[in-house]
Amino acid sequence: MRVSVALFTADLRVHDNPVLQAALKDSERVVPLFVVDTGIRRTGFAGPNRAAFLADSLADLDAALRARGGRLVVRVGDVVEETCRVAAETGAAVVHLAGGVSRYAARREDRLRAELESGRRELRVHEASLTVVPPGALTPAGKDRNHFAVFTPYFRRWGSFSVRGVVPPPDAVRLPDVGSAGLPCAESLASGSTSPGLPPGGESEARRRLRSWLAGPLSAYGDRHDDLAADATSRLSPYLHFGCLSPVELLHRARAQDNPGAHAFLRQLAWRDFHHQVLAARPDAADHDYRPRHDRWCPAAKEFEAWQDGRTGYPVVDAAMRQLSHEGWMPGRARLLAASFLTKTLYVDWRAGARHFLDLLVDGDVANNQLNWQWVAGTGTDTRPNRVLNPLVQARRYDPQGEYVRRWLPELRHLDATAVHRVPHLDAAARAGLDYPAPIVDLAAAAARFRERRRAD
Ligand SMILES: Cc1cc2nc3c(=O)[nH]c(=O)nc-3n(C[C@H](O)[C@H](O)[C@H](O)COP(=O)(O)OP(=O)(O)OC[C@H]3O[C@@H](n4cnc5c(N)ncnc54)[C@H](O)[C@@H]3O)c2cc1C
């Protein structure tokens, strides 16, 4: 009897899962395996919000497999050792795995291949699983260029890439005789408290959200995605991060709509692939400047704390940071302006901001988080690296009625739109009675400091 292992990582789904499909295709019995990887805990990447989402997602995956006659096999420990142990126990000849892009994933893959081969087993890596276009599949013309460093030419090629079709979910999954630990709970995966407004994880929830997104809001995405109060983005990012939803399926279903909203949405999905292919080629960009600007960042410990707590005195920045701590999520526009405020206005190292985001974001992802932070800080792939977003202008443009600010800052809830926008300009007398801080930094002085420091090198 031929047995193989489908090792789940960031592809926690049964729909459109090339790893699971390949395992089922080449064997009569398959072990759908998830290893609670104690190595990830040591990297500090296991935040409580993502742990809770992961626990939901594993329970949902187990239910989907049980509905097909199978179940999820869970092991706890070093992912390579545990996978090899399961393969040996069940006599599996092949382990199937989705290709990842982080340094951690690359090392895991190398170690797993070496260990399996030493036991005369095989590792098969499926690249077309975590992104629409596999990292490395598109490269610019010219020698020695293994990835695109600029988004627009990448996007042009991305749009005409021949994307694989959607793989149907399996009807049945039959396991060999194999033992399993219990499904992990959030508390066993990470310590610390979760954000109160965290979304539920899992493929079932992902598919429910996908259906309602495609049925209406998608068509208005182009006009509304930057409107902070409208909450008009898909909120699918955590489901994409954990692979509860396949980006390939999402692409095909959004493409079928062929309207301006869908086109704008697909562009964002391409940004996800873009960052993945940058990280795959430059894994060091997770913590080193992609394009060094020789910044001498400010330590600014007190200002950094005010930023984390949503007490900078700039209401739209503070609203964004309070949403992050309440929901473990924020829309793209809020991430941009909060990150620009930290890196360019306060001139604090992007790594500190990225770390704070990773501690809280339920979609926290090395490729998207680190490279977006670098993009905003001007050390990444932005072709205008020295632009500074002014939080007053951003607030007027993307929250003209002050609704977003009032939603997240209860202390300003009694103010009307005009008054909300005036808050940073109030003098001490006018501020009395308002439980809200004065701005921690002067914008003009901060912009001059940034220009001066960047120019100095
Ligand atoms: C400083 C900063 C940090 C970020 N950190 C993360 C992160 O850790 N994880 C993460 O998934 N995204 C991150 N993003 C990208 C983006 O903000 C989020 O993907 C998006 O806000 C998620 O909300 P949504 O699902 O409603 O997105 P939508 O607007 O509905 O977009 C659809 C999908 O496209 C992708 N996408 C959209 N914008 C981007 C982008 N700029 N880069 C890459 N992919 C994008 C996401 O997968 C998203 O789910 C970050 C952006 C910034 C500026």
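Reader: How far apart do the C-alpha centres of domain 1 and domain 3 lie?
Author: Glad you started there! In this predicted model, the C-alpha centres of the two domains are 39 Å apart. Domain 1 covers 3–129 and domain 3 covers 301–456.

Reader: What makes domain 1 and domain 3 count as being in contact?
Author: Contact requires heavy atoms within 4.5 Å. By that cut-off, 8 residues of domain 1 touch 11 residues of domain 3.

Reader: And how many Å² do domain 1 and domain 3 bury between them?
Author: About 680 Å², with 54% of it on carbon and sulfur atoms. On the domain 1 side, Phe45, Asn49 and Arg50 provide 68% of the area buried against domain 3, more than any other three residues.

Reader: Let's turn to helices H15 and H17. Why are they called oblique to each other?
Author: Helix H15 (residues 332–345) and helix H17 (residues 366–377) pack at an angle of about 60 degrees. Roughly parallel would need under 35 degrees, and roughly perpendicular starts at 65. The angle fits neither class, so H15 and H17 are oblique. Their axes are 9 Å apart, and the crossing is right-handed.

Reader: Which residues make that contact?
Author: From H15 come Leu336, Ala339, Ser340, Leu342, Thr343 and Lys344, and from H17 come Trp373, Trp375, Val376 and Ala377.

Reader: How do the residues of the contact of H15 with H17 divide into nonpolar, polar and charged?
Author: There are 7 nonpolar, 2 polar and 1 charged. Leu, Ala, Trp and Val count as nonpolar, and Lys counts as charged; Ser340 and Thr343 belong to the polar group.

Conventions:
Residues are numbered from 1 along each chain as its sequence is written. This is a predicted model: local features need pLDDT of at least 70, side-chain atom pairs count only at pLDDT 80 or more; totals for chains, interfaces and linings use all residues. Side-chain values use heavy atoms; hydrogens and water are left out. Axes are lines fitted to C-alpha atoms, for helices over the stretch in contact, and angles run from 0 to 180 degrees between N-to-C directions. Helices (H or I, at least four residues) and strands (E, at least two) are DSSP runs, numbered from the N terminus. Angles under 35 degrees count as roughly parallel, over 145 as roughly antiparallel, 65 to 115 as roughly perpendicular and the rest as oblique. A crossing is left-handed if the near helix is turned anticlockwise from the far one by less than a right angle, and right-handed if clockwise. Domain bounds come from an automatic or database domain assignment. Buried area is the accessible area (1.4 Å probe) that two parts lose on being put together, summed over both.
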